[in-house]
Amino acid sequence: MDPVTLIVAAVATGAAAGVGDLVKQAVVDSYNGVRRMISDRYEVIEAEVVGVASEPEEPLRRQLLAKKLTTVGAGEDEELVAAAQELLRLVAEQAPQAAEIVGVRLERVDAAGDIEVTDVAVQGGIGVQATDVATGGSMKISGVRAVQEPPHPHQARR
């Protein structure tokens, strides 16, 4: 996963994990740390971070955040990338259901080569789930749309 995608995934899964009642404090602290780091270093993208935090399952919000993070060069920020990796590790360990809300759940990845997951859009949950993964190069998962449940009839009329 490229650094920007990793950061966006961390923000989205951290936000999704934060909505649960049983989230461990380590996940909350790590998520708040990543958010604070982004806010302090890249203040101009705060609105996009807030957007993803409010709707972590919304792919357009995640795409916009990824675009803005790329623009400000956040993918080169090794400390931020490390903090995002740690957040994703904690979420996978302590609140794995959060990754299913926003899509993508790679567990014991050992990628000494390319893994690329792009536009995952989930509504009812899951949408890419790999388990022991390990590539020595290439694994591309693309588009993925996992709309498993139809919208509520009253919502469809809006």
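User: Leaving aside its neighbours within four places in sequence, which residues is I7 in contact with?

Analyst: Beyond that sequence window, I7 touches I38, L69, A74, L80, V81 and A84. Do keep in mind that this is a predicted model. Contact here requires heavy atoms within 4.5 Å.

User: Thanks! What makes I38, one of those partners, count as buried or exposed?

Analyst: Happy to walk through it. The relative accessible area of I38 is 0%, and the cut-off for buried is under 20%. I38 is therefore called buried. I38 sits in helix α2.

User: Which residues does I38 contact, again without its neighbours within four places in sequence?

Analyst: The partners of I38 are I7, V11, E43, I45, V49 and L80. For V11, 27 residues away in sequence, the C-alpha to C-alpha distance is 9.9 Å.

User: Which members of the largest nonpolar core touch the most other members?

Analyst: I7, I38, L65, L69 and L80 do, out of 29 residues in that core. Helices α1 (3-18), α2 (25-41), α3 (46-54), α4 and α5 (78-94) each contribute at least two of the core residues, and α1 gives the largest share, with 9 residues. As a general pattern, nonpolar side chains in soluble globular proteins tend to be buried together.

User: How do you know whether α2 is roughly parallel or roughly antiparallel to α3?

Analyst: By setting the angle against the threshold. The two helices α2 and α3 pack at about 155°, and their axes lie 9 Å apart. Angles over 145 degrees count as roughly antiparallel, so α2 is roughly antiparallel to α3. The crossing of α2 and α3 is right-handed.

User: Which residues make that contact between α2 and α3?

Analyst: From α2 come Y31, R35, I38 and S39, while α3 offers E46, V49, V50 and A53. By class, the residues of this contact are 5 nonpolar, 1 polar and 2 charged.

User: Now R61: why is this residue called partly exposed?

Analyst: R61 has a relative accessibility of 33%. Buried would need under 20% and exposed over 50%. The value for R61 lies in between, so R61 counts as partly exposed.

User: Where is R61, and which residues does it contact beyond its neighbours within four places in sequence?

Analyst: R61 belongs to helix α4, which covers residues 59-71. Its contacts outside that window are G51, V52, S54 and E55. In addition, the C-alpha atom of R61 is 7.0 Å from that of E48, a residue 13 places away along the chain.

Definitions and conventions. Residues numbered from 1 in each chain as written. Predicted model: local features only at pLDDT ≥ 70, side-chain atom pairs only at ≥ 80, totals over all residues. Heavy atoms only, no water. Buried < 20%, exposed > 50% of the residue type's maximum accessible area, 1.4 Å probe, protein only. Core = buried A, V, L, I, M, F, W, Y, C linked by side-chain atoms within 4.5 Å. Axes fitted to C-alpha atoms, helices over the stretch in contact; angles between N-to-C directions. Parallel < 35°, antiparallel > 145°, perpendicular 65-115°, else oblique. Left-handed = near helix turned anticlockwise from the far one by under 90°. Nonpolar A, V, L, I, M, F, W, Y, C, P; charged D, E, K, R; others polar.
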